[in-house]
Amino acid sequence: MSMTLVVLAAGIGSRYGGLKQIEAVGPYGAIVIEYSVFDALRSGFDRVVCVIRRDIEKDFRAVVSSRFEGRIAVDYVFQEIDDLPAGFTAAGRKKPWGTGQAVLAARNVVKTPFAVINADDFYGRRSFEALGKFLSGVDPASSQYGMVGFTLRNTLSEHGHVARGVCEVDPKGLLKRVEECTKIEKHGTGARLAEPDGSWREFSGDEPVSMNMWGLTPSLFPRLLDRFPAFLQTSGQDPKAEFFLPTVIDGLVRAGLASVNVLPTPENWFGVTYPQDKGVVVEGIGKLVAQGVYPEKLWP
């Protein structure tokens, strides 16, 4: 079965001062997104759809996708601030509307089961293998989705707090709810969350968390289209409000309109939340190359 990798890349390069300043994290100048595409390709995906902003298209093709074009089919769609339902405007808005709108940007080109990832997050080979196996057996018309569940302690930064979607999973491995926790930090062998009242909530570190790595079907697109106007009605005047994909999926699960299989992964997630994190990413990928998980040169 054909499977598509949808890469959310509208904000790629922003933390580096632009696409041309994206730094290498692996041998031969490899950047994070290359490892994701490499893993997807060997896990059965045959197409990549890059969700970008129109103003970065030229640089994105030159700096990023030129690295893997020719290895896998690549298409582009654009996340635009003014891609809105009838009757709504983006007056005063300076950035796109979040991951839910980003996935909607692919609605006219994605017709197969698909994965969604962030362009600048490293997810690991076994995460893609789990997602590829799940999507290869799913009915393309169903509302049966998958989410790769990372272990919380494998996703923390040594240098400050992070935002994580902490998941509640039932005994059958189905997602019950996702709670967006915006200030989780490493604490001992586990983690803790700063609550609004100044107290701390403790976590063991074993909790499953969402890192925005989803396995979905085209049935999601009409659901997103149904819910986007309600979001804009209540939050459209807030310049910082975002239409989050996990929030929509959480609502569908609660309403009984979708089910989500949580797919456990033993992988460590890598990302550069803080500048000091880059060394951890480089070291982690270096170890994986030394172990033979990745070739030293991804694209011979």
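## From two hairpins to an enclosed helix

Strands S8 and S9 form a hairpin with five residues between them, and Gly-198 in that turn has a positive phi of about 95 degrees. Keep in mind as we go that this is a predicted model. S9 covers residues 200-203 and pairs with S8 in the antiparallel sense, over four bridges. If you would like a place to look, find Arg-192, whose bridge partner in S9 is Glu-202.

Now step back along the chain to S7. This strand also makes a hairpin with S8, here with two residues between the strands, and Gly-188 in the turn has a positive phi of about 60 degrees. S7 and S8 (residues 190-194) run antiparallel and are joined by four bridges. Ile-184 finds its bridge partner in Leu-193 of S8.

S7 also leads us to helix H6, since it is among the elements that the buried residues of H6 pack against; the others are H3, S4, S10, H5 and S11. Seven of the 10 residues of H6 (residues 245-254) are buried, so the helix is largely enclosed by the rest of the structure. Those buried residues are Leu-245, Pro-246, Val-248, Ile-249, Asp-250, Leu-252 and Val-253.

Let's look at one of these neighbours, H5. The axes of H5 and H6 come within 11 Å and cross at roughly 100 degrees, which makes H5 roughly perpendicular to H6. At the crossing, Leu-220, Arg-223, Leu-224 and Arg-227 of H5 meet Leu-245, Val-248 and Leu-252 of H6. The residues of this contact divide into five nonpolar, two charged and no polar. After H6 comes Gly-256, with a positive phi near 75 degrees.

Key
Residues numbered from 1 in each chain as written. Predicted model: local features only at pLDDT ≥ 70, side-chain atom pairs only at ≥ 80, totals over all residues. Heavy atoms only, no water. Buried < 20%, exposed > 50% of the residue type's maximum accessible area, 1.4 Å probe, protein only. Contact = heavy atoms within 4.5 Å. Axes fitted to C-alpha atoms, helices over the stretch in contact; angles between N-to-C directions. Parallel < 35°, antiparallel > 145°, perpendicular 65-115°, else oblique. Nonpolar A, V, L, I, M, F, W, Y, C, P; charged D, E, K, R; others polar. Pairing = 2+ DSSP bridges.
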